[in-house]
Amino acid sequence: MKNIYILPRTAKPLKYNLTLMPDIDKSIFDGEESVKLEILEDTKEITLNSRDLDITHALVIQDKKISAKNIDYNKHIQTVTFSFEGIIKKGHAILNLKFS
């Protein structure tokens, strides 16, 4: 039986860079994240854990830039899946995200 709480093993994070831009008066924040990934097999999707974030932009940089065509949330298991316009090839990649 498949455990829905375990992320797919297509990408492994290696390093995170996170920038937060808080608005103290409104008690909100915007942010940007850059994640260095090891892509373990060719894929068109990356799934991450996510809770209470509105991710507005996702882009993978490898030999070229590949934008997410769809950002799909599963609130029940607290994940977000990015579906990309092209194939992300096995090897290293950078995932850039913008969120609020």
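## A walk through an all-strand chain

F29 is partly exposed, with a relative accessible area of 37%. Keep that residue in mind while we step back to the whole chain; the model is a predicted one, and we'll come back to the ring of F29 shortly.

Let's start with the overall layout. The protein chain has seven strands and zero helices, so there is little to untangle when you read along the sequence: the pattern is simply β-β-β-β-β-β-β. What radius of gyration does the protein chain have, next to that of a compact globule with 100 residues? The globule would come out near 13 Å and the chain has 14 Å, so the two agree. If you'd rather think in boxes, the C-alpha atoms fill one of roughly 45 × 35 × 25 Å along the principal axes.

How do the strands of sequence talk to each other? Take the contacts with a separation of 6 or more: 66% of them join residues 24 or more positions apart. As for burial, 30% of the 100 residues count as buried. The chain exposes about 7100 Å², and carbon and sulfur atoms supply 49% of that. On the charge side, there are 15 positive and 14 negative charges, and their mean positions sit 6 Å apart.

Now back to the rings. Searching the whole structure turns up two aromatic pairs. One of them is F29 with F99: the ring centres are 6.3 Å apart and the planes meet at 80°, and since an angle over 60 degrees counts as edge-to-face, that is what this pair is. It's a link between distant parts of the chain, with F29 in strand β2 (residues 28-39) and F99 in strand β7 (residues 91-99), 70 residues apart. The partners differ in exposure: F29 is partly exposed at 37%, whereas F99 is buried, with a relative accessible area of 6%.

F82 and F84 form an aromatic pair too, this one tilted, with 6.4 Å from centre to centre and 50° between the planes. Both of these residues are buried.

That pair leads us to K44, which is found in strand β3 (residues 43-49). Which residues does K44 touch, leaving aside its neighbours within four places in sequence? The list is F82, S83, F84, E85, G86 and I87, so both rings of the tilted pair belong to residues that K44 contacts. K44 itself is partly exposed, with a relative accessible area of 39%. Finally, K44 and L7 lie 37 residues apart in sequence, with their C-alpha atoms 15 Å apart in space.

Methods
Residues numbered from 1 in each chain as written. Predicted model: local features only at pLDDT ≥ 70, side-chain atom pairs only at ≥ 80, totals over all residues. Heavy atoms only, no water. Helix = DSSP H or I, 4+ residues; strand = E, 2+ residues; numbered from the N terminus. Rg over C-alpha atoms; globule rule 2.2 N^0.38 Å. Buried < 20%, exposed > 50% of the residue type's maximum accessible area, 1.4 Å probe, protein only. Contact = heavy atoms within 4.5 Å. Areas by Shrake-Rupley, 256 points an atom, 1.4 Å probe, with all protein chains shown as cover. Lys, Arg positive; Asp, Glu negative; His and termini not counted. Charge placed at Lys NZ, Arg CZ, Asp CG, Glu CD. Phe/Tyr/Trp six-rings, centres within 6.5 Å; stacked < 30°, edge-to-face > 60°.
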